[in-house]
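Let's go through the pockets of this model, then one helix pair.

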Amino acid sequence: MRRSTVALLIAVAALSGVLWLGGLALAVQDQFFSAAKPPTKEQRPPTAETRQHDEKMDIVALGDSLTRGTGDESGKGYVGYMVDALRRQTDKPIRVTNLAIRGLRSDGLLRQLGQPEIQRQVAMADLIVMTIGGNDLFQGGEALKLDRKQLNEAKRRYVANLDRIFAALRRFNSEAVIFAIGLYNPFGDLDDAKRTSAVVRDWNFASAEVAARYPNIVAVPTFDLFALHVNDYLYSDHFHPNAAGYKRIGERVASLITLTEEGEQ
Amino acid sequence: MSKLVYNEMLKIVRKKRLWVIAAIIAVLVALFTYAQYRETEELRKRLGTTDWRTQLQQQIVDLQNRLQSPSMSEEWRKYLQIRLKQQQYYLEHNINPSAPGAPTFMRTFIENAIDLFLPLLVMVVAADLVSSEASAGTIKLLLVRPVKRWKILLSKYIALLLSVSLIMLMAAVLSYAISGLVFGYGGFRLPLLTGFVPQGEDLNTANVHMIPQWKYILIELGLAAFVSVVVGTLTFMFSVLLRSTAAVMGIMLAALISGAILSNMVSSWHSAKYLFMVNLRLTDYIKGAAPPIEGMTLGFSMAVLAVWGLAGLLVAFFVFMRRDVY
């Protein structure tokens with residue numbers, strides 16, 4: 001009996017050995033000698049998957065580190081606190097897709113919106129929240145550009161990009177309310193607070209002006225939230241909000257959302 | 001000759017090693033299956049969706065965020081950069097590279113097992129093939145028979161090759177059968193992309209083409225078998241050189257583990273690419289992951305491994321033929 005077991009094992013081993021050799025030959029053939037036929041991009045039908053008027057609420061979050069939640073130890077960010085607040089008001093299932101990337105500038109967001117999958121996500125959204133511009137203005141959180149010429153140039157580019165961003169968002173999704181969250185002055189405690197605050201106000205005003213050109217885009221101010229005791233609401237990098245700061249932003253945005261309106265409009 | 005091979009195979013079977021190996025594979029596969037299951041569940045819960053495109057997009061965004069972190073080694077950045085481009089490519093072509101199913105599990109299992117786990121199992125069989133006979137003294141009984149020495153060693157080597165083949169078969173069948181219980185058995189025809197060529201931080205997609213998953217798996221199994229044979233051959237060589245099985249195991253283990261460690265830090269030591277242990281991850285080339293040292297390709301790694309294997313075989317035969325046994 002043992003004799004036949006061993007013979008059988010040898011036979012099986014030899015047979016599977018042939019299979020492995022075949023696999024190896026296939027590897028060589030496929031990797032070295034196959035003429036590459038690049039797969040054609042599949043054209044996705046743009047229909048079907050647009051905003052669904054279902055029970056679920058789809059929230060898409062776009063933008064930079066603020067939307068990502070950098071500085072909040074719990075990792076929630078204002079999006080998380082906003083959803084917490086909404087959940088207290090409704091039993092509707094809420095789905096959040098956070099597409100924010102740290103350090104993103106307006107041109108980066110514009111590029112990101114060029115990706116088909118991002119467009120699909122935007123199209124499916126019932127609500128869009130976004131922060132952008134912080135990195136255009138504060139160079140990655142280090143300082144505020146105070147050279148007037150540079151500043152004007154940065155603003156010009158930012159406003160042009162923002163206009164194209166809003167236009168794109170409206171093109172992919174004509175219905176969803178968009179909350180474009182404004183900037184606060186993280187340097188409000190420093191010596192030249194007057195100047196920096198003026199620049200941030202100016203910047204926010206420009207953003208709000210662009211937002212007003214489109215239907216259902218709401219510019220949400222945060223400047224006032226951080227105007228007093230700014231350091232109580234900032235993370236240890238003195239730039240990003242901490243948990244308390246994010247909570248304030250999140251609750252402000254949540255207070256603007258009327259849940260009944262969704263699905264009826 | 002066939003009788004000799006049969007005899008050697010009988011010895012291996014009698015030691016019951018193959019059953020131990022099968023048991024190890026079964027337990028580990030069950031473990032990985034559960035881990036994978038938990039991970040998919042977790043992801044589904046976090047994103048509130050089973051839509052793979054949303055999940056993949058989320059992974060891409062996560063990668064992009066990690067790439068923003070300033071304290072990141074250049075190598076790791078490059079690696080993430082390439083993975084990002086690849087995921088982007090999959091998404092653009094509407095292909096889910098990790099569609100759930102036993103074949104997908106099998107594929108990732110082979111990819112993760114090729115450089116350490118499978119070679120380890122092969123070592124379990126190969127380490128004492130000759131050394132145990134030397135330490136137990138049975139080698140004398142073998143050599144006094146009227147058979148040429150090289151034939152005796154060759155029969156042992158063929159028995160080793162057969163065992164490697166069996167181990168590969170067990171790994172393939174068990175990983176498919178066990179993971180299928182959870183993920184389902186379908187998915188062999190899922191299209192996958194191969195032919196990505198990493199170039200610095202970039203990903204050359206000129207050669208990318210689509211192949212069905214069964215072909216992809218077969219290719220990976222072939223490469224894994226090749227790696228296993230080379231590692232088995234080197235173990236075999238040490239088994240001839242040394243009398244102590246423990247020493248053979250120790251040396252090979254050290255080599256394999258150092259390979260895993262070295263792969264993470266040799267990027268600036270270019271001649272390290274001629275070591276066999278940094279060349280074991282052949283499946284990475286199929287997948288299109290960045291190689292440990294720039295300029296390494298599938299052909300290069302296969303050639304290096306082949307040279308090491310042949311050299312090991314030659315040394316083994318040379319030493320075995322000349323050695324005095326008393």
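Q: What volume does the second largest pocket have?
A: This is a predicted model, where local features need pLDDT of at least 70, side-chain atom pairs count only at pLDDT 80 or more, and totals for chains, interfaces and linings use all residues. Residues are numbered from 1 along each chain, chains are lettered from A, and side-chain values use heavy atoms, with hydrogens and water left out. A pocket is an open set of 1 Å grid points where a 1.4 Å probe fits, with protein on both sides within 12 Å along at least five of seven lines, and lining residues have an atom within 4 Å of a point. For the second largest pocket, the volume (space filled by probe spheres set on the points) is about 900 Å³.

Q: Which element gives the most to the lining of the second largest pocket?
A: That pocket is lined by 37 residues, with B:P198, B:A289, B:A290, B:P291 and B:P292 nearest its centre. Elements here are DSSP runs: helices (H or I) of at least four residues, strands (E) of at least two. With five residues, the top contributor is α4(B).

Q: Which element gives the most to the lining of the largest pocket?
A: About 1,600 Å³ of space lies in this one. Of its 43 lining residues, B:Q36, B:E39, B:Q59, B:S98 and B:T108 sit closest to the centre. Ten residues come from the biggest giver, α2(B).

Q: How are α3(B) and α4(B) oriented to each other?
A: Their axes (lines fitted to C-alpha atoms over the stretch in contact) are 10 Å apart, at an angle of about 155 degrees. Angles over 145 degrees count as roughly antiparallel, so the pair is roughly antiparallel.

Definitions and conventions
Axes fitted to C-alpha atoms, helices over the stretch in contact; angles between N-to-C directions. Parallel < 35°, antiparallel > 145°, perpendicular 65-115°, else oblique.
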